[in-house]
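Hi,

Here is the structure I promised to pass on. Could you load it and keep it open while you read my notes underneath?

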Amino acid sequence: MFFNQNDLSKLATRYTEAWNSKVPQSVANFHVASSSTIINRGEPSVGHSGLTEMAAGFHADVPDLVLQNDGIRAAGGHVVFMWTFTGHHGETGNPLDVRGWEEWELDDDLKITAALGWFDAEEYDRQVAG
């Protein structure tokens, strides 16, 4: 499977806009109905309802979350979307600047069929605590 870099760049831009819209369902809509996301080897968020809940959780924790698209690359059907998010933790008010990436498996329609997300959880916790 080959993905055109221009199409991937457009996908990454739209995905970033979905996160920044603060509408969790918009994030879930980038996935097929049976998709799942696992973040840092945690419990999977499965299906549109689970993915919506996952995105809503991030927006609750970081109400002013702003996602930045740091790039997207593909090798066959496997895609890596790199990102940075900034904002302030909802409880502590401490500023956050977190970098990470998502590994996607895409179908022919550029819909995510499975995803793994990664960021430094210890660094995130350190920033939350101040």
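Strand β6 gives the most to the lining of the largest cavity, with three residues. Before you go further with that, please keep in mind that this is a predicted model. The volume of the largest cavity comes out at about 200 Å³, and the structure holds one cavity of 30 Å³ or more. Its lining is made of 16 residues, and W19, I39, F58, W83 and E102 are the ones that lie nearest the centre of the largest cavity. Besides β6, the elements that give two or more residues to the lining are α1, β1 (36-39), α3, β4 and β5. As for chemistry, the lining splits into twelve nonpolar residues, three polar and one charged. If you want to see this on screen, the general idea is simple: rolling a probe the size of a water molecule over the atoms shows where empty space is left.

On to the packing. Which residues touch the most other members of the largest nonpolar core? They are Y15, W19, F85, W104, L106 and Y124, out of 32 residues in that core. Two or more residues come from each of α1 (5-20), α2 (24-28), α3 (47-61), β3 (66-75), β4 (78-88), β5 (95-106), β6 (112-119) and α4. Helix α1 supplies the largest share of the core, six residues. You will notice that W19 turns up twice in these notes: W19 is among the residues nearest the centre of the largest cavity, and W19 is also one of those touching the most other core members.

Now the charged pairs. How many salt bridges does the count come to? Two. One joins the side chains of D97 and R99, with 3.1 Å from N to O. D97 is partly exposed, because its relative accessibility is 34%, whereas R99 counts as exposed at 54%. The other salt bridge links R126 and E123, where the closest N and O atoms are 2.6 Å apart. These two sit three residues apart in helix α4 (residues 121-129), so about one helical turn separates R126 from E123. Both ends are partly exposed: R126 has a relative accessible area of 48%, and E123 has 27%.

Next, a couple of backbone angles you may want to look at. As background, most residues other than glycine have a negative phi, and most peptide bonds are trans. R41 has a positive phi, near 65 degrees, and L110 has a positive phi too, near 60 degrees. R41 is in the loop between β1 and β2, while L110 is in the loop between β5 and β6. Are these two buried or exposed? R41 is exposed, with a relative accessible area of 72%. L110 is buried, because its relative accessible area of 17% falls under the 20% cut-off.

Finally, three single residues I picked out while browsing.

- S45: this serine is in strand β2 (residues 45-46). S45 counts as buried, at 15% relative accessibility. Leaving out neighbours within four places in sequence, S45 is in contact with S35, S36, T37, G50, L51 and M54.
- V66: this valine belongs to strand β3 and is partly exposed, at 43% relative accessibility. V66 and T86 are 20 residues apart in sequence, yet their C-alpha atoms are 5.4 Å apart in space. Not counting residues up to four places away in sequence, V66 touches N20, T84, F85 and T86. F85 should look familiar, as one of the core residues that touch the most other members.
- N29: this asparagine is in the loop between α2 and β1. N29 is partly exposed, with a relative accessible area of 36%. The C-alpha atoms of N29 and A18 are separated by 9.0 Å, with the two residues eleven apart along the chain. N29 touches H48 and K111, again not counting residues up to four places away in sequence.

That's everything from my side for now. Shout if something looks odd when you open the file.

Cheers

Terms used:
Residues are numbered from 1 along each chain as its sequence is written. This is a predicted model: local features need pLDDT of at least 70, side-chain atom pairs count only at pLDDT 80 or more; totals for chains, interfaces and linings use all residues. Side-chain values use heavy atoms; hydrogens and water are left out. A salt bridge is a side-chain nitrogen of Lys or Arg within 4 Å of a carboxyl oxygen of Asp or Glu. Buried means under 20% relative accessible area, exposed over 50%, partly exposed in between (1.4 Å probe, protein chains only). Helices (H or I, at least four residues) and strands (E, at least two) are DSSP runs, numbered from the N terminus. Contact means heavy atoms within 4.5 Å. A nonpolar core is a set of buried Ala, Val, Leu, Ile, Met, Phe, Trp, Tyr and Cys residues joined through side-chain atoms within 4.5 Å. On a 1 Å grid over the protein atoms alone, a cavity is a set of points where a 1.4 Å probe fits but cannot get out, and a pocket is an open set with protein on both sides within 12 Å along at least five of seven lines; lining residues have an atom within 4 Å of a point. Grid points are joined across faces, edges and corners, and a volume is the space filled by probe spheres set on the points. Ala, Val, Leu, Ile, Met, Phe, Trp, Tyr, Cys and Pro count as nonpolar, Asp, Glu, Lys and Arg as charged, and the others, Gly among them, as polar.
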